[in-house]
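Trainee: I have a model open and would like a close look at a single part of it. Could you start with one residue and then lead me on from there?

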Amino acid sequence: MILLASQSASRRAMLTAAGVPFEATAAGVDEDAAKAALAGSKPRDLADALAELKAVKVSLRHPGRLVLGSDSVVALADGSLLDKPESRDQAADHLTRMSGARHDLWSAAVIAENGRPVWRHVEAARMHVRPLSPGFIQSYLDMEWPAIAGCVGCYRIEGPGAQLFSRIDGSQFTVLGLPLLNVLDYLRTREVIPA
């Protein structure tokens with residue numbers, strides 16, 4: 001059984017649906033401080049570093065356990081990064097900035113054991129947002145706020161967030177916040193799940 005260093009509902013749902021035995025615990029990482037320390041990192045590297053930080057921190061508290069940490073980063077085409085929205089107004093601003101453009105969503109997974117990373121994988125999905133009218137943005141937020149407050153990019157692709165996109169290039173698992181197929185491959189090598 002693995003330990004998931006996250007309270008993310010979508011990550012827990014993916015592991016449950018895939019038949020992975022796991023327990024979940026909060027990583028207890030100050031993400032704002034970590035992001036400040038990693039300022040200037042490429043989006044891929046930032047997602048990887050945050051996933052590692054979570055996995056290692058929980059792994060230090062649980063020696064002998066395989067700990068899965070994960071993180072997602074949204075990078076707009078102009079190179080700027082979007083964080084989880086802190087308010088409905090900020091969510092509306094994020095959606096306006098994404099409207100009619102593409103962005104990359106990077107999802108990283110790191111597995112740590114005895115306080116050190118033993119496996120990692122990072123992948124991206126390219127998200128093409130259709131043009132969004134101000135009226136659509138407000139009705140979308142009426143449906144989804146505050147549920148999307150914890151979602152980088154302001155969407156839950158498994159729900160009404162699907163309406164934001166004209167096209168998605170990449171794995172839906174990656175969009176949901178975890179490169180699941182690669183995680184499953186590694187868990188088979190460790191005999192956590194059947195090969």
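Which is Glu 191, buried or exposed, and what is its relative accessible area?

Mentor: Happy to! Glu 191 is exposed, and its relative accessible area is 70%. Here buried stands for under 20% relative accessible area, exposed for over 50%, and partly exposed for what lies in between, with a 1.4 Å probe and protein chains only. Before we go on, keep in mind that this is a predicted model, in which local features need pLDDT of at least 70 and side-chain atom pairs count only at pLDDT 80 or more, while totals for chains, interfaces and linings use all residues. Residues are numbered from 1 along each chain as its sequence is written, and side-chain values use heavy atoms, with hydrogens and water left out.

Glu 191 sits in the segment after H7. Helices (H or I, at least four residues) and strands (E, at least two) are DSSP runs here, numbered from the N terminus. The backbone deserves a look too: phi of Glu 191 is near 60 degrees, a positive value in a residue other than glycine. Most residues other than glycine have a negative phi, and most peptide bonds are trans. Asn 114 also has a positive phi, about 55 degrees, although it is not a glycine; Asn 114 belongs to the loop between E5 and strand E6 (116-129). A departure of another kind is the cis peptide bond joining Trp 145 and Pro 146, with omega at about 10 degrees. Pro 146 lies in the loop between H5 and E7.

Now step back into H7. In helix H7 (residues 180-189), Asp 185 and Arg 188 are three residues apart, so about one helical turn separates them. Their side chains form a salt bridge (a side-chain nitrogen of Lys or Arg within 4 Å of a carboxyl oxygen of Asp or Glu), with N and O at 2.5 Å. Both partners are partly exposed: Asp 185 has 41% relative accessibility and Arg 188 has 29%.

From here, try Arg 190. One of its contacts (heavy atoms within 4.5 Å) is with Glu 113, which also touches Ser 59, Gly 64, Arg 65, Leu 66 and Val 118 when neighbours within four places in sequence are left aside. Glu 113 belongs to strand E5 (residues 102-113) and counts as buried at 18% relative accessible area.

Let's turn to helix H3. Ala 55 lies in this helix and is buried, with a relative accessible area of 0%. Not counting residues up to four places away in sequence, Ala 55 touches Val 67, Leu 68, Gly 69, Val 110 and Ala 112. The C-alpha atoms of Ala 55 and Leu 4 are 8.1 Å apart, although their positions lie 51 residues apart along the chain.

Salt bridges come up elsewhere as well: the structure holds 14 of them. Lys 54 pairs with Glu 31 at 3.3 Å, N to O. Lys 54 lies in helix H3 (residues 43-61) and Glu 31 in helix H2 (residues 31-37), so this pair ties together parts that are 23 residues apart in sequence. Lys 54 and Glu 31 are both buried, and with Asp 71 they are linked in a network of salt bridges. Arg 156 and Glu 144 form another salt bridge, at 2.7 Å, N to O. This one links distant parts of the chain, twelve residues apart: Arg 156 is in the loop between helix H5 (134-144) and strand E7 (165-169), and Glu 144 is in helix H5. Glu 144 is buried at 2% relative accessibility, whereas Arg 156 is partly exposed at 30%.

Helix H5 is also part of a helix crossing. The axes of helix H4 (residues 88-98) and H5 come within 10 Å and cross at roughly 135 degrees; axes are lines fitted to C-alpha atoms, for helices over the stretch in contact, and angles run from 0 to 180 degrees between N-to-C directions. H4 is therefore oblique to H5, since angles under 35 degrees count as roughly parallel, over 145 as roughly antiparallel, 65 to 115 as roughly perpendicular and the rest as oblique. On the H4 side the contact involves Arg 88, Ala 91, Ala 92, Leu 95 and Thr 96, and on the H5 side Ile 137, Gln 138, Tyr 140, Leu 141 and Asp 142.
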